[in-house]
Amino acid sequence: MAPDLDTLATALYAETDDLLKGSPQLAPWRPAVGIAPRLTDAELVTLAMMQAMPGFTTEARWLRYARSHLRHLFPYLPKQPGYNKRLRKAAELLRRVTRLLATETTVWSDDVWIVDSTPVEYGRSRETAKRSDLAGWAEYGYCASHSRFFWGLRLHLVCTLQGLPITFALTGAKADEREILLALLAVEPTLLAGRPGQTLTGDKNYFGRDFEHQLAEQDIRLLRPRKGEPERPGAPLLKPLRQVIESVNETFKGQLDLEQHRGLTPGGVIARVMQRILALTAAIWHNDYMRQPVLRSLTAYDH
């Protein structure tokens, strides 16, 4: 494992351990009486992040690797069923740690956000759609960038120009991107506190007079492609800004294997997507803390 990843793992463990000492209620619930887990929750979060970083898509293969190469960081490692069960229960903790790391960066306060959604494919066959535990949540959708239909979910992501995730949601493939964005802002109104005149850039799917009016009421300025409409101020910036979100999506899919999550249940999918969002956030947080250039590419942490 690369020294940079060991350093990141140590920093993440310390940050998570401090968070849980100050707010123990954030840890997954377990009975007051019983055997304490040999792998602490802070170690579990760190182990989950490290699995996503070098692209281990199967837990069994990851744990075999960890037993051979990471004993200096994790004296005890659970077996695959126990690791899987604890990981699913820790999804909310992964989200809390992700937000904590994001808010500690200097780029959290950026006044430009980028919004987009990307497919999280689960399958394409009718048999998969009928028998999967994700039926009822996952659905058929179309990916315009790859000109293909898929069955699964969509990850809706709002991020900064440096690729730092601000807020996100997993929905069915047909969910209206505008409705999801408005819902994300409504669920967390504090995101816009102290951000007057926030600029938000999206693709052509983020359109509509009523939609723009609702954003304007929250003092958000929307930039998007406007085919057949008068060009608005800031339009020349759209192309380079769109390249940022494409770079973030490519990091999720090319380096963090977002579509190879192998989750079989809603809880499993959520935990595995959270692993990847945590990994990206942790890399940006660590680079920001070390005053190094923010990397949307995670090659510095590859094994």
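Helices (H or I, at least four residues) and strands (E, at least two) are DSSP runs, numbered from the N terminus. With that convention, Met274 can be placed in helix α10. The model is predicted, so local features need pLDDT of at least 70 and side-chain atom pairs count only at pLDDT 80 or more, whereas totals for chains, interfaces and linings use all residues. Residues are numbered from 1 along each chain as its sequence is written, and side-chain values use heavy atoms, with hydrogens and water left out.

**The whole chain**

Display the protein chain in full: its secondary structure comes to ten helices and six strands. Of its 303 residues, 52% are buried, where buried means under 20% relative accessible area, exposed over 50% and partly exposed in between (1.4 Å probe, protein chains only). Among contacts (heavy atoms within 4.5 Å) with a separation of 6 or more, 68% join residues 24 or more positions apart.

**Met274 and Thr98**

Select Met274 next. Its relative accessible area is 5%, and therefore Met274 is buried. Leaving aside residues up to four places away in sequence, Met274 touches Ala91, Leu94, Arg95, Thr98 and Phe168. Add Glu92 to the selection: 182 residues separate Glu92 from Met274 along the chain, yet their C-alpha atoms are 8.8 Å apart.

Move on to Thr98, which is found in helix α5 (residues 91-103). Thr98 counts as buried because its relative accessibility is 4%. With residues up to four places away again left out, the contacts of Thr98 are Met274, Ile277, Leu278 and Thr281.

**Helix α2 against helix α10**

Select helix α2 (residues 41-52) together with α10; their axes come within 8 Å and cross at roughly 85°. Because of this angle, α2 is roughly perpendicular to α10. Axes here are lines fitted to C-alpha atoms, for helices over the stretch in contact, and angles run from 0 to 180 degrees between N-to-C directions. Angles under 35 degrees count as roughly parallel, over 145 as roughly antiparallel, 65 to 115 as roughly perpendicular and the rest as oblique.

Show side chains at this junction: Val45, Ala48, Met49, Gln51 and Ala52 of α2 meet Gln275, Arg276, Leu278, Ala279 and Ala282 of α10. By class, seven of the residues in this contact are nonpolar, two polar and one charged. Ala, Val, Leu, Ile, Met, Phe, Trp, Tyr, Cys and Pro count as nonpolar, Asp, Glu, Lys and Arg as charged, and the others, Gly among them, as polar.

**Helix α3 against helix α4**

Turn to helix α3 (residues 59-69) and helix α4 (residues 80-89), which pack at an angle of about 110° with their axes 10 Å apart. That angle is why α3 is roughly perpendicular to α4. On the α3 side the contact is made by Glu59, Ala60, Trp62 and Leu63, and on the α4 side by Gln80, Tyr83, Asn84 and Leu87.

Within α4, colour Tyr83, Asn84, Arg86 and Leu87, which are buried. The cover over the buried residues of α4 includes α2, α3, α5 and α10.

**The nonpolar core**

Finish with the largest nonpolar core, whose 78 residues include Met49, Trp62, Leu155, Leu181 and Leu215, the members that touch the most others. A nonpolar core is a set of buried Ala, Val, Leu, Ile, Met, Phe, Trp, Tyr and Cys residues joined through side-chain atoms within 4.5 Å. Helix α10 (residues 266-289) supplies the largest share of this core, twelve residues.
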